[in-house]
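Subject: Structure for your review

Dear colleague,

Please find below the structure that I am handing over to you, together with its sequence. My findings follow it.

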Amino acid sequence: MAIKRLDNVLIVVEDLEAAKAFFSELGMQLEGETRVEGEWVDRVVGLKNVQNDIAMMRTPDGHGRIELAKFITPEATRDGSEEPAVNTLGIRRIMFTVDDIDEVLDRLRSHGAELVDEIAQYEDEYRLCYVRGPEGIIVGLAEELDGA
């Protein structure tokens with residue numbers, strides 16, 4: 001049997017409010033918030049005494065979701081650099097298609113986002129860039145051009 005769909009991507013953060021504001025500014029919508037805890041969570045994630053606050057964000061088309069989680073207990077840990085490069089092993093970025101890359105970038109900068117390098121063009125199909133958001137989260141932005 002094949003998978004049905006990609007349900008969501010988890011991003012663990014220290015500042016849940018800043019992460020929600022960043023992804024809201026990007027155009028995602030808050031679907032819901034809750035605290036999860038208890039034996040069932042411990043068994044799923046393989047940790048003890050888990051308590052975390054989660055916010056589920058969804059794309060405007062309703063198909064993509066990001067689960068933002070702030071661990072109360074046990075505390076979140078860091079592995080390596082505060083700002084890992086895009087070629088660091090593991091999940092490094094999420095890519096979104098946007099209407100106007102310049103306008104979105106301007107809005108995200110008001111939430112502390114920084115352009116990783118520059119906006120580049122791939123043939124006559126896309127304008128692309130990477131943005132580093134709160135807590136070093138890398139978000140890719142792609143604007144389809146008329147030739148796409």
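In what follows, Ala, Val, Leu, Ile, Met, Phe, Trp, Tyr, Cys and Pro count as nonpolar, Asp, Glu, Lys and Arg as charged, and the others, Gly among them, as polar. On that basis, the lining of the largest pocket has 15 nonpolar, five polar and eight charged residues. Please bear in mind throughout that this is a predicted model.

Overall architecture

The protein has three helices and nine strands. Along the sequence these follow the pattern β-α-β-α-β-β-β-α-β-β-β-β. Taken along the principal axes, the C-alpha atoms fill a box of roughly 50 × 40 × 30 Å. Of the 148 residues in the protein, 32% are buried.

The four-stranded sheet

Four strands form an open sheet with mixed pairing, and their order is E1-E4-E3-E2. Strands E1 and E2 stand at the edges with a single partner strand each, so one side of each has no neighbour in the sheet. On average, and with direction ignored, neighbouring strands of this sheet are turned by 25 degrees against each other.

The pairing of E2 with strand E3 (residues 51-58) can be described further: the two run antiparallel and are joined by eight bridges. Within this part of the sheet, Glu-37 stands opposite Gln-51 in E3.

Salt bridges

Side chains of opposite charge can pair when their charged atoms come close. The structure holds 13 salt bridges, and three of these pairs are set out here.

In one of them, the side chains of Lys-20 and Glu-17 meet at 3.0 Å, N to O. Both residues belong to helix H1 (residues 16-26), and because they are three residues apart there, about one helical turn separates them. Which of the two partners is buried? Lys-20 is, at 8% relative accessibility, whereas Glu-17 is exposed, with a relative accessible area of 52%. The cut-offs explain this assignment: a residue counts as buried under 20% and as exposed over 50%. The pair also belongs to a network of salt bridges that links Glu-17, Lys-20 and Glu-33.

A second salt bridge joins the side chains of Arg-65 and Glu-31, at 2.9 Å from N to O. Arg-65 lies in strand E4 (residues 65-73) and Glu-31 in strand E2 (residues 29-37), so this pair ties together parts that are 34 residues apart in sequence. Both partners fall between the two cut-offs: Arg-65 is partly exposed at 24% relative accessibility, and Glu-31 is partly exposed with a relative accessible area of 37%.

The third pair is Arg-43 and Glu-39, whose side chains meet in a salt bridge of 3.1 Å, N to O. These two residues lie four residues apart in helix H2 (residues 39-45), about one turn of the helix. Arg-43 and Glu-39 are both exposed.

Pockets

Rolling a probe the size of a water molecule over the atoms shows where empty space is left. Two pockets are described below.

The largest pocket holds about 910 Å³ of space. It is lined by 28 residues, and Ile-11, Val-12, Ile-91, Arg-92 and Glu-135 lie nearest its centre. Strand E1 (9-12) and strand E5 (93-98) are the elements that give two or more residues to this lining. With four residues, E1 gives the most to the lining of the largest pocket.

The second largest pocket has a volume of about 360 Å³. Among the 21 residues that line this second pocket, Met-28, Thr-59, Pro-60, Phe-96 and Thr-97 are the closest to its centre. Strands E4 and E5 each supply at least two residues of its lining. Which strand gives the most to the lining of the second largest pocket? That strand is E5, with four residues. By class, the lining of the second largest pocket divides into 10 nonpolar, six polar and five charged residues.

Points that connect the sections

Some elements recur in this account. E1 is an edge strand of the sheet and also the element that gives the most to the lining of the largest pocket. E5 contributes to the lining of the largest pocket and likewise to that of the second largest pocket. E4 and E2 hold the partners of the salt bridge between Arg-65 and Glu-31, and both strands belong to the sheet ordered E1-E4-E3-E2.

With kind regards

Terms used: Residues are numbered from 1 along each chain as its sequence is written. This is a predicted model: local features need pLDDT of at least 70, side-chain atom pairs count only at pLDDT 80 or more; totals for chains, interfaces and linings use all residues. Side-chain values use heavy atoms; hydrogens and water are left out. A salt bridge is a side-chain nitrogen of Lys or Arg within 4 Å of a carboxyl oxygen of Asp or Glu. Buried means under 20% relative accessible area, exposed over 50%, partly exposed in between (1.4 Å probe, protein chains only). On a 1 Å grid over the protein atoms alone, a cavity is a set of points where a 1.4 Å probe fits but cannot get out, and a pocket is an open set with protein on both sides within 12 Å along at least five of seven lines; lining residues have an atom within 4 Å of a point. Grid points are joined across faces, edges and corners, and a volume is the space filled by probe spheres set on the points. Two strands pair if DSSP finds at least two bridges between them. Axes are lines fitted to C-alpha atoms, for helices over the stretch in contact, and angles run from 0 to 180 degrees between N-to-C directions.
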